[in-house]
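User: Hi! Could you walk me through this model?

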Amino acid sequence: MKKTLIIFLILPFVAFAQSAKGYFDISKDAFYHEKMSSWKKYTYKDVDCKFNTIVDNDSVFTFSAQNKFFQEDYKLTLNKQKKITKIEVFFTVHNGKLDEWFPYKYPINISNLFKDVGTPSETKENISYKPKYGADVSDYLFKKYYKWNNGLFRETKIELEVANGTTKLPVKNKRGKIKSYRTVDFGYMAYTPKGQGTLTENDINFNVSSKISDGAKKIWIKNKRELISLLGLEKFDASNSWVDGQLHPYLFYLEATNDPEEYFKKFFFHANIVYGIEFGDEGLEENQKYTYTSLPDGVLARAIGMDKECCIEILIDLENWNKSTYIDKLFIMYHEFGHDVFELEHSDGIRLMTTNKLDIDGPSVLGEMIHEMFIAVLKKQKGK
Ligand SMILES: [Zn+2]
């Protein structure tokens, strides 16, 4: 049976206000104490770390945690009013590889994953970076560099940069003189608040994505016990670092909103990496077909590949699609993937599949609905 979806294209526009002041609404001291206490309490509790604070000059404040194997540095750039205008994180591995230490959390993997799944505003390779301040004379080579123009960090609109690469560490002799350098791996992240400016459509879409992410996160936490029993503790921890991480809103964010393949990349990544759902051949690009066309009776999209094991085939009504909002489009595509990939029916009791029109109180509800679908599919796959 072919599945159809009729959508009424009405969604209250969610107004929002965002500060665009060019700095974060946190003082350097508040940020420092918060970070330090979380390092001491959680992150570096058991790995024998030394904690250092260096005030290079009035405009840069640096603090770090270091042990034999790695070092994490935070550099805060301050304006004249001592407000933070940039947060940079350097994670240098003194022994071994970056992804051995932080396989899920740290940029090397995140950026690799986003290369496949996401749509960075900018991608570069092999560029050098030399911090302009203080005693830090290290040269950094960004082997891979990604930038997103629309990010959120603590309710502040930011540019997000993620990179990984190599840098040189001085090797000193007993008298403290540098005798040579050795090359080590590092990861990098930077948050830069955006200055005054007008909001773009992408900014607004990202804000919607963040709210969808909040909804998914809320119900993820609520279902923690069940998720652990389905995924196992180790996989749960890895997935949890995604859901709990700064980049989670990007799972619901697209810049190329009219490219169905982008929706599938998000859907696939989300279902597979976060929820551990297995896919068949329909995950392959050559087994997917999306066609913009004209569908009768106000039908917006139709999953005609539903009965084929191998393939995804979705028809989209161009006129209705062009009238749809960002959240409608996301909903439609996830609903159709639910039919086509997971063979779900309208009668399966899953909110995302039952609904014929997206009539929800706010974007966060869509996040809840997506979570519910994935957990239902996971249970089915695990035979529970
Ligand atoms: Zn349907």
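User: Happy to start broad: how many helices and strands does the chain have?

Analyst: Good place to begin. This is a predicted model, where local features need pLDDT of at least 70, side-chain atom pairs count only at pLDDT 80 or more, and totals for chains, interfaces and linings use all residues. Residues are numbered from 1 along each chain as its sequence is written. With helices (H or I, at least four residues) and strands (E, at least two) taken as DSSP runs numbered from the N terminus, the chain has eleven helices and twelve strands.

User: What share of the residues is buried?

Analyst: A residue is buried if 20 or more other C-beta atoms, placed from the backbone, lie within 10 Å of its own, exposed if 12 or fewer, and partly exposed in between. Of the 384 residues in the chain, the buried share is 35%.

User: How many residues of α9 are buried?

Analyst: Helix α9 covers residues 326–340 and reaches 21 Å from first C-alpha to last, close to the expected 21 Å (1.5 Å times one less than its number of residues). This helix is mostly covered, and its buried count is 15 of 15.

User: Which strand is joined to β8 by 15 bridges?

Analyst: Strands pair if DSSP finds at least two bridges between them. β8 (residues 156–172) pairs with β7 (residues 140–153) in the antiparallel sense over eleven bridges, with Lys157 of β8 as the bridge partner of Leu152. The antiparallel partner with 15 bridges is β9.

User: Which residue in the turn of the β8 and β9 hairpin has a positive phi?

Analyst: Five residues lie between the two strands of this hairpin. The phi in question is about 85°, and it belongs to Gly176.
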